[in-house]
Amino acid sequence: MSRTIAAVFRGSLTQVSGIPAVRYLVPVLFLILFMGGGETLQAVANAGSIAPILSITEIGSADKVVGPEQMFRDVVKHLQEQSRTKGYQFACLAKGGLSNKGDHEVWMHQVYEEHQALVRGDLMQVPEMQVYRNPKKGAIRVGGKWRPLGSIPEGNRLQRLIHFPEELLAKAMSRSRTAKWIETKIDINDPDFVDPMDEPEEMDKEDGSDGSTTIVPKSKELKEPQGDRILVELDEAVAVTYFNQVQNSGCLGGSG
Amino acid sequence: MDRTRARCSVEVGFDKKTKLPDSVVMTVLIGRRNEHGRTAKGDAAFGEGVEHIVFTYDYKIDTDSKVKVFSLPREARGLLK
């Protein structure tokens with residue numbers, strides 16, 4: 001080990017497996033500063049050569065389990081960034097009414113609004129209605145003239161029922177009470193669906209103290225988020241805010 | 001309706017690699033008073049056999065396609081200020 005270390009610092013080419021050791025002097029010094037000399041030297045000794053310790057990003061980084069709250073925040077930030085740099089499209093169906101079912105199935109519909117839109121930055125375009133809007137105001141082209149979005153019933157409904165997704169998520173992030181992972185919805189008709197019964201479980205070998213070998217299920221370490229769906233519960237006040245918007249849209253017993 | 005009985009939840013599905021959402025479902029529940037002017041307490045206000053109001057906002061988000069910067073007509077731009 002001491003020969004290897006000495007070779008590194010002398011920059012000797014021949015004593016370090018023919019690899020130019022000078023090239024690795026800087027990362028080694030970096031590691032010593034942040035890991036401590038003992039760990040670095042041990043890493044070099046275990047490696048037998050300099051190359052394995054070049055993956056600096058792996059050293060000192062433990063596998064991190066991300067909680068649903070943090071993942072939700074990350075998703076919101078990524079969407080906001082996407083909106084600023086590349087934009088995105090969405091389709092929204094806002095519907096509702098009266099229900100008396102535990103699964104909230106609606107038996108008397110009072111709201112049904114479906115639109116497709118494009119978003120770039122703080123602007124949304126709804127091509128089918130010739131609408132441009134930002135989170136606070138909007139414009140709609142009617143009869144060849146541009147008018148305020150809320151000046152006609154269709155525009156008023158659009159404005160109050162169809163929200164900017166990143167705004168909706170940002171509000172959810174700021175007003176959340178609980179967040180949890182939920183099971184991924186599985187569509188058995190999806191062509192990519194694989195029946196879990198058909199997939200063999202990953203197995204591993206375990207060597208026993210008596211020299212025997214046992215086949216056991218591979219332990220599945222949680223290195224990534226637990227799923228790809230998160231459920232966030234919000235304040236009651238948020239529910240009332242959205243309900244008031246529906247009322248003001250004119251859908252509930254009003255015009256439009 | 002009884003605004004003191006309200007629930008709101010947001011369910012988001014996302015791509016693990018890009019951390020971009022592909023679906024968002026927001027559910028808003030509002031309780032309703034019965035013929036006696038009363039509303040069931042807690043989650044019972046939205047349970048089986050109990051009339052309540054439900055709104056769902058179902059978003060399908062496509063982040064694969066790039067959206068060009070909008071070129072707004074002058075008249076429309078003025079209305080957004």
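Start at A:Ile140 and select A:Arg147 with it: A:Arg147 is the bridge partner of A:Ile140 in strand E6 of chain A. This is a predicted model. Now widen the selection to residues 138-142 and 145-148 of chain A, which are strands E5 and E6. The two strands pair in the antiparallel sense, over four bridges. Go to the turn. Two residues lie between the strands of this hairpin. Pick A:Gly143 there and check its backbone: phi is positive, near 60°.

Next, step back along the chain to strand E4, residues 131-133 of chain A. E4(A) runs antiparallel to E5(A), and three bridges join them. Select A:Arg133 and A:Gly138 for one example, since these two are bridge partners. The hairpin between E4(A) and E5(A) has four residues.

Stay on E4(A) and show the side chain of A:Tyr132. Which ring does A:Tyr132 pair with? Select B:Phe70. The two rings form an edge-to-face pair, 6.0 Å centre to centre and with 65° between the planes. The pair crosses between chains: A:Tyr132 belongs to strand E4 of chain A, while B:Phe70 is in the loop between strand E3 (52-62) and helix H1 (74-79) of chain B. Are these residues buried or exposed? A:Tyr132 has a relative accessible area of 11%, so it counts as buried. B:Phe70 is at 14%, and it is buried because the cut-off is 20%.

Move to the next contact between the chains. Select A:Tyr242 and B:Tyr57. Their rings form a tilted pair, at 6.0 Å centre to centre and 50° between the planes. A:Tyr242 is in helix H7 (residues 236-248) of chain A and B:Tyr57 is in strand E3 of chain B, so this pair also joins two chains. Both A:Tyr242 and B:Tyr57 are buried.

Keep A:Tyr242 on screen and add A:Lys171. The charged end of A:Lys171 sits over the ring of A:Tyr242, 5.1 Å from the ring centre.

One further aromatic stop. Select A:Tyr88, A:Phe90 and B:Tyr59, a cluster linked by ring pairs. Over all chains, the whole structure has seven aromatic pairs.

Now show two helices of chain A as ribbons: H4 (residues 68-85) and H6 (residues 165-174). How do they pack? Two packed helices are described by the angle and the distance between their axes. The axes of H4(A) and H6(A) come within 10 Å and cross at roughly 150°. H4(A) and H6(A) are therefore roughly antiparallel. The crossing is left-handed.

Select A:Leu158 next, in helix H5 (residues 153-161) of chain A. Its relative accessibility is 0%, so A:Leu158 counts as buried. Add A:Val131, which is 27 residues away along the chain. The C-alpha atoms of A:Leu158 and A:Val131 are separated by 9.6 Å.

Finish by isolating chain B. What elements does chain B have? There are three strands and one helix. Trace chain B from its N terminus and the order reads β-β-β-α. Colour the chain by accessibility: of its 81 residues, 47% count as buried. Two stops from earlier in the tour belong to that buried set, B:Phe70 and B:Tyr57.

How values were computed:
Residues numbered from 1 in each chain as written. Chains lettered and ligands numbered in written order. Predicted model: local features only at pLDDT ≥ 70, side-chain atom pairs only at ≥ 80, totals over all residues. Heavy atoms only, no water. Pairing = 2+ DSSP bridges. Phe/Tyr/Trp six-rings, centres within 6.5 Å; stacked < 30°, edge-to-face > 60°. Buried < 20%, exposed > 50% of the residue type's maximum accessible area, 1.4 Å probe, protein only. Lys NZ or Arg CZ within 6 Å of the ring centre and 35° of its normal. Axes fitted to C-alpha atoms, helices over the stretch in contact; angles between N-to-C directions. Parallel < 35°, antiparallel > 145°, perpendicular 65-115°, else oblique. Left-handed = near helix turned anticlockwise from the far one by under 90°.
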